[in-house]
Amino acid sequence: MDVPLGQAPPPADSATFVLPRRGWLKLHEHRGRSLVLLLAGIVATAAGLVGAVRRVDEFQRLDFRTLHETGGYLVVSVGLRSGAARAGLAPGDLIVGLDGTPTTAIRDLEHALYARRVSTLSVLRQGKVRDLAYYPPVPQVDVRYLLVAFAAMFTLAVAGVVYLGHPTPQAGRFLALAEALFAAVVVPIPQDSGASWQLLLLIRDFGRLALPPLLVVFFASFPARIKRFSWLWAAFVPSLAVAALRTGLATGLVPPVAGDVLVADALDRATAALAVLGVLAAAALSVRTYISNRSDPTRRRQVEWVALGAAAGFAPYLLLSLIPQWAGAELEVLTWISLLPLALVPLGVASSLLEFRLWDLEDISRQVVATGVAVLLGGVSFAFLNYAVTQFGFRLGNWRNFVAVAGGVLLATLTVPARRLLLEGFERLQYRERLAARRALTTFAEEAVAHRDPETLLQRLAQLLRDALTVDQVVTYLALGGRLYPSAAAERWPVLSSDDLRDPFPTAAEAELAARGLSHRFPVERDGRVIGLVYCGRRRGGMPLGHGERRLVGALAAQAALALENTLLMANLRRQVEEHRLLEDYLERIFQFSAAALLICDASGRVLRANERAATLLRREPRLLIGEFLHAIVELRPEWRSLLPTDLAGVQVRFAAGGEWHTGLLSTSALEVEPGRFDGRVVALDDITEQLNLEQRLAEQERLASLGRLAAGLAHEVNTPVTGISSYAQLLRELTPPADPRAPLAAKLEEQAFRVSRIVTNLLELARPSGFERQLVDISALARDEANQMRVEAERGGVALEIHPAENAAANVNRVQFELVIHNLLRNAIQATGAGGTVQLMVGCNGDAVWIEVRDTGPGVPEELRDRIFEPFVTTRQGRGGTGLGLAITRDIVVAHGGSIQALAAEEGGTTMRVEVPAHGGSA
């Protein structure tokens, strides 16, 4: 009686091989077993690798034997018809040099000779030294040993990966089997009696002795443990007994001969007998497990997988190597080919342990058998071709090699179509009358397109699945109004919802379906929406659907979903096209008739489209704007010219409009020009030039109104007392003799009183309305008069005053106010220039304009005051008598005449005040 294993294997639906990602975290739960396996693996691997290295070294053997002596290497024997004999080497020769190097300095003559393609041997013969050219023989590579060692190494690697990914007791026994096999196969037969070789021989014998009981224990516990499993450890007793005798023989405790029997030969025969008995016992246990688990398809399929791997691995070796070898007709090429499938044996066991694609046995079997037969036919054909060319191709002469190569290429080319034909034949043999139905499934897509009724389509799909896959039940569902209803079912099935499908099958809502024999759920979905369901039962014999069959049903469900939604998608597509057209027209109207100037640009600022408002604002036709760069139209920052930002909002800029510069506000936002690429920009431009002008004029009016109120208040409150003070100060100065020490004080008092009076007068002038009478005035004469009046003040400060008037510099201005302009400019220049400096007054005419320049050699205007120098109460002589009203009054007068005034920094130092007015007057 069988009992279930203690640990559940991975899901039988697994289509991915279990890799050691998280399984190794469970190794701490089995510390003892894992440690024993690790130590055994280290010993087996180390012994196998050391033995393999030594075996590979034996591939290179010289065709003569030597003994190392004091003077060199003494030749003991030379092979008949060997390269050494042809070179002239004979027994008794003493090799004293190799390529000019004394052999006394060479520790290993064999390696030294194989390191060169040809060597010069210095040989001492009968007292004379002769030089011989020696070619080492071709290495004799044991391909069979290398292939068998590779198969054992591959088995050990697969077993290790399985144990790390899924550390169960069965995986541990598989790993122990692989370790014993590696030691038994990879360690070669020793070539000498050294202690190290004897140790390797002992490890190899232990591995061979451990294989039979490990096979018995593994198949007694897999896939189900037999009832009397604990008694099976007795299978190790014969192997332990033989191992003890082996150890005693190696250590000398057991005599090598017992009577007429050689103990070593007897132990070899016992080891072989144990191996045969172990294989037979493992096969018997597998058959017993298969028969006793007929009701469990999973365990049956696991046994079948192991049997498939063993058959696919050992059958080619039996047919192509062992049987021809026993018959005396062994072909070396076929022997090599027969050893390659041995790698399938551990893969079959690993797939069975991990239940990897467990239900795909038929499909994989067909592919393995078809591939193996095709390779076998190709190999046998090539072997016979090679034999025929070798034995009978001497008549072909130089064409023999060409025939051999061309035949090999032709056979290799025919292998692929042969495999395809074999697969088709095996498929016909397996499915017989069901093959047509299975092929009809592949044409279901073409048939589904013609269906317009969902019920009919699902019924056809169910019928095809029943016929092609031989499943007992197929139930289909159709989504209607957010629920899933059975489609044309003869018996009642539960109604489902999409929430019932979130967990793997079967959910609580699907328990009735599972109880009634359904095993697989396949959603019919489009774009993440479930529009139908297909439920399938088991195949004949209670077998679930294989991985390939589940993929086939899933593909058919996807095709059914496509057909079901075909009509709806077409209707939706037509509706979306119409909506897109209406939306495009609507957006185009918004774009073209928007009150804002809109430009569509790429990331670099190249204009792609422009609306009517943008063309009107920029005074250019829309077609002329396309292709222009934005920085050629709008003044942008340098860093914005190569890549236009996506998030500008209300940035003040200047732009060209019909040859004039206007001020506007610029805003940008990202635009998806191509799907998924926001490399476009929507640029909105608004002209605020008139708005700024209105704001400036309003601010000017408010400023003048404030100054008017200030000036009126000061005139009313200050003029009366200042007039009295100035009168009394003047009287006091006249009454005070010049020699009196108080005379300067009286003069100073009078000067300050008049200064207060001038401040009030300047304030009244600044606030006075701009209306006045104009007349044609000679600006040069006016400048000459003002310069003569200011010359006394300039001489008092040690400043040289120069005037350079021009002829015919007449302008239509108010004479009194322009006298004040020149007076203020000269006074500021003289006060800003220190003693020894120079002030120049220059007048000129430039076409329809007259200009006045006052240049001084003072310290100049500070950079922080250059933009504010014409504002009221801003002065560079703070605390030194400056009021900051002179330049403000001057600017108002000049602007009222339609002119302009600028403060320019001179290259040689100082400041240049330039006034420019129209010759014929400006707007008042």
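**Notebook: rings and cores**

I counted the aromatic pairs and got six. The model I am reading is a predicted one.

The pair I looked up to begin with joins Phe64 and Tyr134. Their ring centres are 5.5 Å apart and the planes meet at 85°, which makes the pair edge-to-face. I then checked where the two residues sit. Phe64 belongs to strand β2 (residues 64–68) and Tyr134 to strand β7 (residues 128–134), so this pair ties together parts 70 residues apart in sequence. Are these residues buried or exposed? Phe64 has 5% relative accessibility, so I noted Phe64 as buried. Tyr134, at 1%, also counts as buried.

Next I turned to Phe505 and Tyr535. I found 5.8 Å between the ring centres and 50° between the planes, so I entered this pair as tilted. Phe505 is in the loop between β13 (496–497) and α17 (511–515), while Tyr535 is in strand β15 (residues 529–536); the pair therefore ties together parts 30 residues apart in sequence. I looked up accessibility here as well. Phe505 has a relative accessible area of 21% and is partly exposed, because buried would need a value under 20%. Tyr535 has 0% and is buried.

I also noted a cluster: ring pairs link Phe174, Phe218 and Phe219.

What sits over the ring of Trp493? I found the charged end of Arg516 there, 3.8 Å from the ring centre.

After the rings I went to the nonpolar cores. In soluble globular proteins, nonpolar side chains tend to be buried together. The largest core in this model has 40 residues. Ile779, Leu825, Leu826, Val839 and Leu841 are the members with the most contacts inside it. I listed the elements that give two or more residues to this core. The helices are α25 (779–796), α26 (815–832) and α27 (886–896). The strands are β23 (810–813), β24 (838–846), β25 (849–856), β26 (900–905) and β27 (911–918). Which element gives the largest share of this core? I found that α26 does, with eight residues.

I picked Leu826 for a check of its neighbours. Leaving out residues up to four places away in sequence, Leu826 touches Glu786, Ala787, Met790, Leu801, Val839, Leu841 and Val854. Val839 and Leu841 had already come up among the core residues with the most contacts.

My last entry is a second core, separate from the one above, with 39 residues. Val158, Leu177, Ala220 and Ala282 are among them.

Definitions and conventions
Residues numbered from 1 in each chain as written. Predicted model: local features only at pLDDT ≥ 70, side-chain atom pairs only at ≥ 80, totals over all residues. Heavy atoms only, no water. Phe/Tyr/Trp six-rings, centres within 6.5 Å; stacked < 30°, edge-to-face > 60°. Helix = DSSP H or I, 4+ residues; strand = E, 2+ residues; numbered from the N terminus. Buried < 20%, exposed > 50% of the residue type's maximum accessible area, 1.4 Å probe, protein only. Lys NZ or Arg CZ within 6 Å of the ring centre and 35° of its normal. Core = buried A, V, L, I, M, F, W, Y, C linked by side-chain atoms within 4.5 Å. Contact = heavy atoms within 4.5 Å.
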